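Visitor: I would like a close look at the side-chain links in this model, both the covalent kind and the charged kind. Please take me through them one by one.

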Amino acid sequence: MEFSGLWDPEPGWLNTASYGLPPRPAWEALQAALSDWRVGATSWEPWDESTTRSRESFARLVGADAADVFVGSTVSAALAPVATALPDGAKVLTDDVEFTSNVFPWKVQEDRGVEVVAVPGEELVGAIRPGIDLVAVSAVQSSTGLVLDLPAVIAASKEIGALLVIDGSQAVGWLPLTVDGIDALVVHTYKWLMSPRGATLGYLSPRLQELCRPSAAGWYAGRTVHDSYYGSRMELADGARRFDQSPAWFCYVGAAPALELVEQIGVETIRRHNLDLANEFRDGLGLPPSNSAIVSTSLAGAQEAFAAAGIRAAVRDGKLRASFHIYTTPADVHQALTALKPLR
């Protein structure tokens, strides 16, 4: 598929792990909605159709039933109902560099005896032993780019009956994965799914839906939203939609076409493109190949060299982090390696 014209990146953008760049259909849809908003040209219902499209596209991307997908705004808020459903004294296992949106929701339960145990990523599977009630971990780690051995984690969690909660924010959009064997998969779409910040999508397994209380329920979680505006009568939707948070409309206006474009291109196609460029970059640094679109490396002076060359990447946990996505080009890789050549 020809990608030219779908994005307008300034050369040297190697920071999708911080935020993704909008494809043209998403950008144009958002500008049209903002123009309508400015003059009051429409009601909100046409904007909200994008929420339904986003829900359905996400479900297809991760192999879920759309009835088991909920919408929200942040990963931590999406995980709150799961955290509050944990029994007193439950034990949660996580990676010791896990992004805190998948740590703090469990940590704030410590006043009722919930214990959070953090281990290095390479020790995670071995630490899934009897006594662990829930495993909370990212499919791809933000700081290191480490790709989780998801089949092994699923198998180990299943063997002891532990719930499995996956943060897919650094994975979904470039790394093929499905919800098979997962109890909760929560994804903020502003990174690899290239959407406006504020559109979070999540999957809850039917068994987890039964365990959780929709404590953030509002009008949008009603069985019929137009009948849920006023009063004390509450009829919540069936399935995961009762866990919906009222969506930030414009975020989903941008998210729907971006997710649908990812479907159109194909996640496997995106994965191959990303890994080809990430491994070309790694090879230029003398690093072995990897299975991640995120490259994390210690190289003194790299941040300053990138800044001088106009290359935008990130520093996380004291290391340079470069990330490669579908709009990244071989020229971007060459520019980055040229900037770092004096340091190698």
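Guide: C251 is buried, at a relative accessible area of 12%. C212 is buried too, with 6% relative accessibility. Both values fall in the buried class because that class takes residues under 20% relative accessible area. As for covalent links between cysteines, the structure, which is a predicted model, holds zero disulfides. A disulfide would be a covalent bond between the sulfur atoms of two cysteines.

The charged links are another matter. Side chains of opposite charge can pair when their charged atoms come close. Searching the whole structure gives 13 salt bridges. Three of the pairs are taken here in turn, followed by a network.

Begin with R55 and D244, whose side chains meet in a salt bridge at 2.8 Å, N to O. This pair links distant parts of the chain: R55 belongs to helix α2, D244 to the loop between α7 (206–211) and α8, and their positions lie 189 residues apart in the numbering, counted as the separation of the pair. R55 is buried, with a relative accessible area of 8%, and D244 is buried as well, at 1%. Both partners of this salt bridge are classed as buried because their values are under 20%.

Helix α2, residues 45–62, also holds R53. R53 forms a salt bridge with E260, and the closest N and O atoms are 2.7 Å apart. E260 sits in helix α8 (residues 249–265), so this pair too links distant parts of the chain, 207 residues apart. For R53 the relative accessible area is 35%, which counts as partly exposed. E260 is partly exposed at 26%. Neither residue is classed as buried or exposed, because partly exposed covers the range between under 20% and over 50%.

The third pair is R24 with D8, a salt bridge between side chains at 2.8 Å, N to O. R24 lies in helix α1, residues 24–39, and D8 in the segment before α1; the two are 16 residues apart and link distant parts of the chain. R24 is partly exposed, at a relative accessible area of 32%. D8, by contrast, counts as exposed with 58% relative accessibility, because the exposed class starts over 50%.

Last comes the network. Salt bridges link R223, R233, E235 and D238 together.

Terms used: Residues are numbered from 1 along each chain as its sequence is written. This is a predicted model: local features need pLDDT of at least 70, side-chain atom pairs count only at pLDDT 80 or more; totals for chains, interfaces and linings use all residues. Side-chain values use heavy atoms; hydrogens and water are left out. A salt bridge is a side-chain nitrogen of Lys or Arg within 4 Å of a carboxyl oxygen of Asp or Glu. Helices (H or I, at least four residues) and strands (E, at least two) are DSSP runs, numbered from the N terminus. Buried means under 20% relative accessible area, exposed over 50%, partly exposed in between (1.4 Å probe, protein chains only). A disulfide is a pair of cysteine sulfur atoms within 2.5 Å.
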